[in-house]
Structures are given as structure tokens and as C-alpha cells.
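Trainee: I should like to go through the reasoning behind the descriptions attached to this model. May I put my questions to you in turn?

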Amino acid sequence: DEARDQILQSDRDRERFIRAAAALPWLDLSQYHLSLDTGRLGTGGAIEIVYQAAMEVARGLAPPA
């Protein structure tokens, strides 16, 4: 029960922060470029996906050689 309450409080705190900082609903998926389930992927898997995504973005931003 205590762990669930902590998670719910954390979610409420994040929601308040996003609303205050950006005036957007924090669960509006159109506001996110990438969302990962680290519970399924693990930290290493998530890091690899973020790295690969960043490399793709960097390739798209770099001028042709």
C-alpha cells in the first residue's frame, strides 16, 4: 500500500509540474517523442533505444557530407 501511495503521489507531482511548466496535460501522448517501458526493457535496453533514436535524429540534422 505504501509503495502504491508513493507512486500515485509521484504521478500527481509530475502532472502538477508539467501543467505549471508547459500548460499541457501530461498524459497527452502527442507531447512526447519517445516513451519506453523500462520495466520490460530494463535500463540497458532503454539506454540502447534512446541512443539509437538520438543517432537517427543526429543523422537527420547533420548536413550531407
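Mentor: Please do. Let us begin where α1 gives way to alanine 23, whose phi is positive, near 55°. Bear in mind that this is a predicted model.

Trainee: What makes the phi of alanine 23 worth remarking on?

Mentor: The value, near 55°, is positive in a residue other than glycine. Most residues other than glycine have a negative phi. Alanine 23 sits in the loop between α1 and α2, the latter covering residues 38-61.

Trainee: Why is alanine 23 called exposed?

Mentor: Its relative accessible area is 64%, and the term applies over 50%. Alanine 23 therefore counts as exposed.

Trainee: How do you know that the length of helix α1 agrees with the expected span?

Mentor: Helix α1 comprises 21 residues, 2-22, and at 1.5 Å a residue it should span 30 Å. The expected span uses one less than the number of residues. The end C-alpha atoms of α1 are 30 Å apart, so the two values agree.

Trainee: Why is leucine 34 called partly exposed?

Mentor: Leucine 34 has a relative accessible area of 43%. Buried requires under 20% and exposed requires over 50%, so leucine 34 falls in between. Leucine 34, too, is found in the loop between α1 and α2.

Trainee: Which residues does leucine 34 touch, leaving aside those up to four places away in sequence?

Mentor: They are Val50 and Ala53, where contact means heavy atoms within 4.5 Å. As for isoleucine 49, 15 residues along the chain from leucine 34, the C-alpha atoms of the two are separated by 9.6 Å.

Trainee: Where is valine 50, and why is it called partly exposed?

Mentor: Valine 50 lies in helix α2. Its relative accessibility is 41%, which is neither under 20% nor over 50%; valine 50 is therefore partly exposed.

Trainee: What makes the nonpolar surface patch?

Mentor: Leu34, Leu41, Ile49 and Val50 make it, with an area of about 300 Å². Members of a patch must have over 30% relative accessible area; the 43% of leucine 34 and the 41% of valine 50 satisfy that cut-off.

Trainee: How does the radius of gyration of the protein chain stand against that of a compact globule?

Mentor: A compact globule of 65 residues would have a value near 11 Å, but the protein chain has 16 Å. The C-alpha trace spans about 55 × 30 × 15 Å along its principal axes. The chain has two helices and zero strands, and buried residues make up 3% of its 65 residues.

Methods
Residues numbered from 1 in each chain as written. Predicted model: local features only at pLDDT ≥ 70, side-chain atom pairs only at ≥ 80, totals over all residues. Heavy atoms only, no water. Helix = DSSP H or I, 4+ residues; strand = E, 2+ residues; numbered from the N terminus. Buried < 20%, exposed > 50% of the residue type's maximum accessible area, 1.4 Å probe, protein only. Patch = residues over 30% accessible without salt bridge, like charges linked within 9 Å, V, L, I, M, F, W, Y side chains within 5 Å. Areas by Shrake-Rupley, 256 points an atom, 1.4 Å probe, with all protein chains shown as cover. Salt bridge = Lys/Arg side-chain N within 4 Å of Asp/Glu carboxyl O. Rg over C-alpha atoms; globule rule 2.2 N^0.38 Å.
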